[in-house]
Amino acid sequence: MQFFKSNTLLIDNKPYKALLIPLYSAIFPEEYSAENVNDDALGPKGELRLYLGKLADADDIPYFVKRHPFGQPFIKPSHSQWDFYSKIVHHL
């Protein structure tokens, strides 16, 4: 299998790590904490697990992610700190 933006997903809890990849090619769940005993994101009916189950049937990852947002928002021009992040993007 070859990896393309249409079939590859980055999962990270830090949205800034996706600044240089195509928009909607990532999701950003809230950070895991071992102290949070109620976190069942990957449990049988966990929010992340259910989301990934639906995503597995999608033909186009960015299309699915755009229409079904999950977790923290992307950093894009409408982001409150875009001035800071855009300098990084333009520098790289």
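The following dialogue explains how several descriptions of this predicted model are reached.

User: What should be known about the model before its values are read?

Analyst: This is a predicted model in which local features need pLDDT of at least 70 and side-chain atom pairs count only at pLDDT 80 or more, while totals for chains, interfaces and linings use all residues. Residues are numbered from 1 along each chain as its sequence is written, and side-chain values use heavy atoms, with hydrogens and water left out.

User: What are the mean pLDDT of the protein and the share of residues that reach 70 or more?

Analyst: The term pLDDT is the predictor's confidence in each residue, from 0 to 100. The protein has a mean of 88, and 100% of its residues reach 70 or more. Among the elements, strand S2 (residues 26-27) has the highest mean, 96, and helix H3 (residues 82-91) the lowest, 88.

User: What makes a stretch a helix or a strand, and how many of each are there?

Analyst: Helices (H or I, at least four residues) and strands (E, at least two) are DSSP runs, numbered from the N terminus. By this rule the protein has 3 helices and 2 strands, in the order β-β-α-α-α from the N terminus.

User: Why is Tyr24 called buried?

Analyst: Buried means under 20% relative accessible area, exposed means over 50%, and partly exposed lies in between (1.4 Å probe, protein chains only). Tyr24 has a relative accessible area of 16%, so Tyr24 is buried. This residue lies in the loop between strand S1 (10-11) and S2. In the protein, buried residues make up 26% of the 92 residues.

User: What is notable about the phi of Tyr24?

Analyst: Phi of Tyr24 is near 70°, a positive value in a residue other than glycine. Most residues other than glycine have a negative phi.

User: Why is Tyr63 called partly exposed?

Analyst: Tyr63 has 49% relative accessibility and therefore counts as partly exposed. Tyr63 belongs to helix H2.

User: Why does Leu50 receive the label partly exposed, and which residues does Leu50 touch?

Analyst: The relative accessible area of Leu50 is 44%, so Leu50 is partly exposed. Leu50 is placed in helix H1. Contact means heavy atoms within 4.5 Å; not counting residues up to four places away in sequence, Leu50 touches Pro44 and Lys45.

User: Why is Thr8 partly exposed, and where is Thr8 found?

Analyst: Thr8 is at 31% relative accessibility and therefore counts as partly exposed. Thr8 is found in the segment before S1. Not counting residues up to four places away in sequence, Thr8 touches Phe3, Ser25 and Ile61. The C-alpha atoms of Thr8 and Pro62 are separated by 8.8 Å, with their positions 54 residues apart along the chain.

User: What makes a group of residues a nonpolar core, and which residues have the most contacts inside the largest one?

Analyst: A nonpolar core is a set of buried Ala, Val, Leu, Ile, Met, Phe, Trp, Tyr and Cys residues joined through side-chain atoms within 4.5 Å. The largest has 13 residues, and Ile27, Tyr51, Val65 and Phe74 have the most contacts inside it. The elements that give two or more residues to this core are S2, helix H1 (47-55) and helix H2 (61-67). Leaving aside neighbours within four places in sequence, Val65 is in contact with Leu9, Tyr24, Ala26, Ile27, Tyr51, Leu55 and Phe74.

User: What share of the contacts with a separation of 6 or more joins residues 24 or more positions apart?

Analyst: Such residues account for 48% of these contacts in the protein.
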